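Let's take a walk through a protein model together, one piece at a time. Keep the picture beside you as you read.

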Amino acid sequence: MSAGAGFFYSFDSEHWEFSTGHAFKLSGNLYLGGAIGFGAIRKLDVPIPATSSSLFAGLRSNGDLYYSSGNIFYRDSPDGPVSSVSFGSSKAKQMHSAFIFNDEPFSIHNDGRVMRYLEGDLSNPEESFHRYPFAGIAGATRIDASIYNIIPRDGIGSGNACCYKDNGFTRYSVGAEGLLEKMSLTQPYQPESGLVVARIYLETDVGTSLGILRGIDVSLDGLRFYILDGGNDRVYRYETTTSGDIFQLAYHSHAVTSGSLTPYGPLLVANDESSYIFNAYDDGDVRKILLSVPGDLSAYLTQQNLDISGYFDYLPSVCVAGNGLYIFGRSDVNHLSRYTLDELGDVRSANLNSKQSIDLSSYAGVSPSNLVSISDDGTRLYFNNGWIMQLSAAWDLESTITVYNSADGTKPYVLTKWNASTGEVQNTYPIDENIRYLNRIDDTTVFGVIGKDFVSYDYVNNQRLSTYEANAYSPSSTPTVKGIFLNDESQIVSAISGIEGAQNTLYAFDGAFSVTMFGGNV
């Protein structure tokens, strides 16, 4: 399509006219004018809801604007009042992004649901699709029978605590605001080899969001999940009817971690679920709680405390394995220490004045974060970020040590294609960059936002095809892209904040959006 060429196109009984002035009419409501040219930008004379956190999802054929933050904001017409739909204050039920498919709006929620609003009735979601691991991720969209999104290899919850199950092929991790995610790994204990297959936000017994989660462990049969909530000073138990299915998790019970403390992981639950261990940070204790009834958090029997306050001063991670107590502490920078237990399993019997210690900072690669677990034979130690420490002699930190870093040679993100009806993964594409607000996906190319740039990206060959800076026309501004919509012709419509005060402003960007996005014949 070239400037100055006479062109007429009819779409759904509406007319888009292209001439020397390049004007087109959308549904009789929205007019975009001005001469077409490379990267031409025009502010659209369409009001924006004044909610600063709003994210732009798209334009429907009747001219509606459709926004998303924690709620849905929309108009029945461009000149109509702003209406909204609320999903409650719980993080678990809130929506985090939205898209439009076949002129119908869809919302994506933190409990994994993709909700469809039949005939555009935003006040009444009538259909729920299969759950997806989209919680906290902006940019999932639907094209034909598939849903596409970008998933970080290391997930969102990986920074706090995790545990490995199924001989290392399943990884569960937790984060802030009750976030729990599940990864399926192709290489045991190596998160960079895996894919996030489920992600949710957990609720407490009264329907509120959990705090900052610091530990997790799962029963051997995968039916009971134990969660250490550092924000609310509690240990929670959740249950699922299908082994490992976190979408079905329901609150069961909890125990308050007594004392003035910040409970810190990892949370270690005995195989028979008769006890659990965590670090009571503020009290300076390694704490082991024994239960009279296995798995029953209310069946408090007694506790064993080991005072480590004089040895470690900042959130050390603690593991008990074999006849040893292992502490990876920040006061010793990257030092890992092992203390022998005089009585097997009794944390009180550790002699803190006698230890083995090793400085992990001397090893090449990514520095470890938190110690997670130790293999049953005592030859491997697993860390939160994929570090694996191999010992030549079981339990002996003074033996020959080999460190593996699972991040080597892998791509940090995965573009994933899901079947919209069944929720099954259809294909995955490892890529180097995190692309948000996905649009216009074909067999090889996705359009979206990376940082403050609009980009076209060949996800099959893992490369950018073209880049256009959102603030190219105003170098002094520091815009934030709040969402995009790519129409069927040659225009991006984008909500951008920070250009004119604090309000979001809707802009149209002209260009030829083929695989040579922003270039070629305009």
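What you see here is a predicted model, and a good place to begin is a sheet. Four strands, in the order E24-E25-E26-E27, make up an open sheet with antiparallel pairing. What is special about the strands at its edges? Strand E24 (263-269) and strand E27 (300-307) each have a single partner strand, so one side of each is left without a neighbour in the sheet. If you ignore direction, neighbouring strands of this sheet are turned by 20° against each other on average.

Now look at the pair E25 and E26. Strand E25 covers residues 275-280 and strand E26 covers residues 285-291, and six bridges hold this pair in the antiparallel sense. To find your way across the pair, pick out Tyr276: the residue opposite is Ile289 in E26.

Earlier in the chain numbering you can look for another sheet. Four strands build this open sheet too, in the order E16-E17-E18-E19, and the pairing is antiparallel. Its edge strands are strand E16 (161-165) and strand E19 (194-201), each of which pairs on one side only. From one strand to the next, the twist averages 20°. Strand E17 (residues 170-174) runs antiparallel to E16, and five bridges join the two. Across this pair, Tyr164 stands opposite Arg171 in E17.

Let's turn from sheets to the interior. In soluble globular proteins, nonpolar side chains tend to be buried together. The largest nonpolar core in this model has 29 residues, and Leu336 and Leu381 touch the most other members. Which elements give two or more residues to this core? They are strand E28 (317-321), strand E29 (324-329), strand E30 (335-340), strand E32 (371-374), strand E33 (380-383) and strand E34 (387-391). The largest share comes from E29, with four residues. Domains come into the story as well: domain 1 (158-307) and domain 2 (333-408) each supply at least three residues to this core.

Let's zoom in on Leu336. Setting aside neighbours within four places in sequence, Leu336 is in contact with Ile327, Phe328, Gln356, Ser357, Ile358, Leu360, Leu371, Leu381, Met389 and Leu397. Leu381, on that list, is the other residue named with Leu336 as touching the most other members of the core.

There is one more stop. A second, separate core holds 24 residues, among them Phe101, Ile151, Leu185 and Ile388. Try finding these four in the picture.

How values were computed
Residues are numbered from 1 along each chain as its sequence is written. This is a predicted model: local features need pLDDT of at least 70, side-chain atom pairs count only at pLDDT 80 or more; totals for chains, interfaces and linings use all residues. Side-chain values use heavy atoms; hydrogens and water are left out. Two strands pair if DSSP finds at least two bridges between them. Axes are lines fitted to C-alpha atoms, for helices over the stretch in contact, and angles run from 0 to 180 degrees between N-to-C directions. A nonpolar core is a set of buried Ala, Val, Leu, Ile, Met, Phe, Trp, Tyr and Cys residues joined through side-chain atoms within 4.5 Å. Buried means under 20% relative accessible area, exposed over 50%, partly exposed in between (1.4 Å probe, protein chains only). Domain bounds come from an automatic or database domain assignment. Contact means heavy atoms within 4.5 Å.
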